[in-house]
Amino acid sequence: MPDTPKNNTSRSSASRLAEVVSSVLKPLLFASKDAFRHLNSVKGIENLVSTLSSDAESLGAGEAESAVFAELKALFSGFDDLAVEEKKERLRKGVSLAHSIGAPEKTPAVTAEEASAMLKKLKTPLEFVKGIGPKLAERLGKKGLTTVEDMLYFLPIRYEDRRYIIKIKELTPGASTVTTGTVVAQGETRYGRRKVYEMAVSDGSAILKVKWFNYKLSYMSGRFKTGQRLMLYGVVSSYGHQKEMIHPDIEAVDADETEQIEQGIVPVYSQIENFHQKTIRKIVSGVVEGYSESAVGGLPDGVVERCGLLGLKNAFREAHLPAAFDASLAKKSLVFDELFLLELGLALKRRELKRERGIAFSSSAGGRFEGIEDKLRRLLPFRLTAAQEKVYLEIKNDMESPHPMNRLIQGDVGSGKTIVSLMAALKAVEAGYQAAIMAPTEILSEQHYLTTHRYAEALGVKPLLLTGNMTKGERKAGLELIREGGVDLVVGTHALIQKDVDFSKLGLIVIDEQHRFGVVQRAALKKKGFGSENEIYPDILIMTATPIPRTLSMTVFGDLDVSIIDELPPGRKPVHTKILREADRVKAYEIIRKEVVEGSQCYIVYPLVEESEELSLRDATRMQEHLRKDIFKEFKVGLLHGRMKSSEKESVMRGFKERRLDILVSTTVIEVGVDVPNATVMLVEHAERFGLAQLHQLRGRVGRGEKKSICLLLAAWTNAEDTYKRLKVMEATQDGFKIAEEDLSIRGPGDFLGTRQAGLPDFRTSEALTNLTLLKRAREEADRFLEADPALKSAEAGRIKLVLKARWEGRLELAEIG
């Protein structure tokens with residue numbers, strides 16, 4: 001039965017009372033932990049306990065609870081003025097009292113019917129939310145925020161403790177601090193040869209200098225007005241005897257907001273267009289107040305209790321409207337909810353795969369292709385490395401089993417994945433089946449064809465390249481050969497999954513760079529396999545040069561077995577890598593000129609296609625024009641970026657490969673690209689903006705020929721101390737897996753793979769895959785849940801199935817979830 005309004009009110013009050021208890025406990029526990037190590041950094045406990053005690057009364061706390069809150073209030077009266085030992089004693093007693101407050105009434109379990117209605121409410125478009133409307137909704141949409149659920153998961157990037165706004169005179173160098181002041185002067189100045197944008201801010205007690213080293217003058221000069229009141233958050237430093245902040249976060253403050261800003265824990269969000277932070281906070285707060293009650297989580301109740309987590313709605317409230325400075329429990333609860341549903345979905349996928357029937361490939365004695373593997377080995381001008389042999393054996397064992405192979409080969413650029421995949425394809429051909437190799441672009445599929453067709457033809461295997469560039473007649477003839485079994489090995493792009501492509505007897509599918517396709521295309525190709533109408537599925541082999549840490553690959557490719565080629569063939573030359581600063585730009589251009597004059601080619605990579613208003617970054621389009629006209633007039637300079645049509649991109653890459661271009665200015669679209677052995681130099685602009693894994697991928701574009709190669713990483717100034725330290729990893733190692741592990745610890749998993757393309761649910765919390773301990777625990781809890789209820793028949797499973805389907809958004813096509 002649905003709740004009556006009275007029940008809803010009682011449930012809400014009990015929930016809020018639990019939040020008050022939690023908010024009292026957090027600072028007390030923080031001050032008490034590690035033998036009271038943080039005691040001196042906790043201020044304002046008296047005011048906090050007093051305010052929260054009043055909140056408890058307004059929520060209708062029972063007589064016993066009210067008495068405890070009154071005792072707490074008295075206990076912490078005058079706390080800041082007490083001697084240290086007395087403070088410790090009161091904290092011990094306070095923790096005990098707070099824990100003694102009766103557990104709030106347990107929230108009734110959400111039925112599947114209620115969960116369905118709640119999930120529907122979370123999909124409410126923002127334009128229909130009170131206080132937003134169509135115009136604001138359109139601007140929010142540019143940030144990827146289109147529904148109420150998007151807004152709830154738009155979590156603060158940090159919090160500011162505005163209970164203690166420090167006067168400029170009292171700022172301490174080295175501390176991250178909030179202060180306020182009025183702009184008294186601003187403008188561009190010079191320190192030696194270096195231009196700096198500088199602003200002087202005063203609060204009457206002293207002057208604070210604010211500096212920007214990376215800026216666009218036209219934007220900065222109009223950003224702040226003299227006399228404007230600002231709130232600044234950043235690390236305080238000193239230059240001479242002058243206190244300063246470099247690149248701080250700044251928020252304009254209205255004159256009538258003085259009282260309002262000087263209290264509370266304030267969430268700070270990632271910037272949206274030109275919205276003020278206070279506008280973002282107002283929008284988010286409205287959504288949280290109006291919709292957080294509809295947040296339905298995917299965790300079993302037992303897991304929430306066992307792991308000491310908050311329910312989803314309380315987690316959202318605590319994350320966006322924190323009562324205490326530490327909102328880590330709220331974020332941990334949101335992350336765990338995501339990870340549990342990820343692991344549950346993957347466990348179901350693995351279970352489904354084990355039930356599928358596949359082809360057990362066996363050599364046909366006396367057949368046309370008997371002994372083809374040995375013949376290929378004799379043709380190869382090199383011996384396979386030990387890592388290649390190990391991976392091929394794993395593939396061979398999979399192919400001979402009666403279940404479909406779903407295996408991923410990971411290996412750095414040049415590690416020899418292609419030849420291993422060709423051996424797998426020939427094993428399928430030897431057994432009387434066809435094999436298909438699918439690459440993400442026309443030019444890459446041509447590259448695969450060029451690598452494989454020489455060997456295939458020498459062995460009597462008939463290959464075919466199927467691309468979008470074929471004439472109508474060529475395509476028709478090719479499709480007939482595929483359908484009639486006239487070809488054994490088909491190489492192509494996504495053209496292979498089009499409806500008119502019918503294979504005679506497809507047994508193996510090789511997919512290069514899975515994340516450039518996605519699970520939908522993978523599933524479409526799988527359905528073209530021989531016997532798929534009778535639910536007998538082909539083997540699938542996926543290759544990626546994106547190094548993914550072993551810890552993460554278990555999750556990212558949770559439904560695949562992973563093989564790693566972690567050894568480069570002998571003779572492969574390492575790419576010399578050098579980090580440069582802006583002052584070294586001329587030197588970088590000289591290195592490029594020298595190499596091009598000697599007959600080599602060069603890539604110059606930028607993070608942006610076009611100039612950005614707010615980010616002072618060089619962009620590919622503008623810089624290509626500048627380099628062509630002013631720097632490298634004597635060379636042919638091309639441009640490549642992701643917004644170009646496929647045919648334009650193919651044409652530019654072909655021009656570069658055929659040496660009609662000397663220098664290719666590009667965005668990261670070349671990250672997974674064509675093999676150009678003559679390219680020996682890469683210059684990456686704004687290297688500080690890239691993840692290490694991405695830089696490693698880009699570096700893999702050079703060093704593919706006989707000549708020595710160099711990769712120049714040009715990093716702009718940044719006040720993030722670890723930027724250069726992070727980039728030094730690139731100078732120190734060529735090992736993609738070491739780089740990936742380092743990148744994972746620094747930036748999180750986003751750089752490795754788009755989750756949508758991997759067929760995983762989108763991660764709403766940025767920390768979702770960085771906490772590997774939490775990930776492991778989520779996997780254990782998901783397995784435990786499935787073990788207890790394998791058919792997912794319990795009432796609780798009804799709610800969890802609905803949430804699971806909603807999060808995976810159709811990417812979990814399993815009978816188990818109905």
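Of the 818 residues of the protein chain, 53% count as buried, where buried means under 20% relative accessible area, exposed over 50% and partly exposed in between, with a 1.4 Å probe and protein chains only. This is a predicted model: local features need pLDDT of at least 70, side-chain atom pairs count only at pLDDT 80 or more, and totals for chains, interfaces and linings use all residues. Residues are numbered from 1 along each chain as its sequence is written, and side-chain values use heavy atoms, with hydrogens and water left out.

Color by secondary structure. The protein chain has 29 helices and 23 strands. Helices (H or I, at least four residues) and strands (E, at least two) are DSSP runs, numbered from the N terminus. Among contacts between residues at least 6 apart in sequence, 74% join residues at least 24 apart; contact means heavy atoms within 4.5 Å.

**Stop 1: strands β1 and β8**

Select residues 158-161 and 265-268. These are β1 and β8, which run antiparallel and are joined by four bridges. Two strands pair if DSSP finds at least two bridges between them. Find Glu160 in β1; Val266 of β8 stands opposite. Now show the β8 side chains. Ile265 and Pro267 point one way. Val266 and Val268 point the other way, and all four are buried.

**Stop 2: the seven-stranded sheet**

Next, display β12, β13, β11, β14, β16, β10 and β17. In that order they form an open sheet with parallel pairing. Which strands stand at the edges? They are β12 (463-466) and β17 (561-565). Each has a single partner strand, so one side of each is left without a neighbour in the sheet. From one strand to the next, the twist averages 20 degrees. Axes are lines fitted to C-alpha atoms, for helices over the stretch in contact, and angles run from 0 to 180 degrees between N-to-C directions.

Zoom to the β17 edge. Five bridges join β10 (residues 406-411) to β17, and the two run parallel. Pick Gln410: its bridge partner in β17 is Ile564.

Add α16, residues 417-430. This helix packs on the sheet. It touches β10, β11 (434-438), β13 (489-492), β14 (506-512), β16 (539-544) and β17. Its direction makes about 170 degrees with that of β16.

Then add α18, residues 472-484. Helix α18 lies across β11, β12 and β13. It runs at about 135 degrees to β12.

**Stop 3: α15 against α16**

Keep α16 on screen and select α15, residues 386-399. The two axes come within 10 Å and cross at roughly 30 degrees. That makes α15 roughly parallel to α16; angles under 35 degrees count as roughly parallel, over 145 as roughly antiparallel, 65 to 115 as roughly perpendicular and the rest as oblique. The crossing is right-handed. A crossing is left-handed if the near helix is turned anticlockwise from the far one by less than a right angle, and right-handed if clockwise.

Show side chains at the contact. From α15, pick Gln388, Val391, Tyr392, Ile395, Lys396 and Met399. They meet Ile419, Val420, Met423, Ala424, Lys427 and Ala428 in α16. The contact residues divide into nine nonpolar, one polar and two charged. Here Ala, Val, Leu, Ile, Met, Phe, Trp, Tyr, Cys and Pro count as nonpolar, Asp, Glu, Lys and Arg as charged, and the others, Gly among them, as polar.

**Stop 4: α13 against α28**

Select 328-355 and 772-788. These helices, α13 and α28, have axes that come within 8 Å and cross at roughly 55 degrees. That makes α13 oblique to α28. Their crossing is right-handed. Contact residues in α13 include Phe336, Leu339, Phe340 and Arg351; those in α28 include Leu775, Arg779, Glu781 and Phe785. The full contact has 14 nonpolar, no polar and eight charged residues.

**Stop 5: Ile663 and two loops**

Center on Ile663, in strand β21. Is Ile663 buried or exposed? At 0% relative accessibility, Ile663 counts as buried. Its contacts, not counting residues up to four places away in sequence, include Ile592, Cys602, Phe632, Gly638 and Phe656. The C-alpha atoms of Ile663 and Gly638 are separated by 6.3 Å, with their positions 25 residues apart along the chain. Put plainly, Ile663 and Gly638 are 25 residues apart along the chain.

Move to Arg659, in the loop between α23 (646-657) and β21 (663-666). Phi of Arg659 is near 65 degrees, a positive value in a residue other than glycine.

Finish at His686, in the loop between β22 (679-685) and α24 (692-699). Phi of His686 is near 50 degrees, also positive in a residue other than glycine. His686 is buried, with a relative accessible area of 4%.
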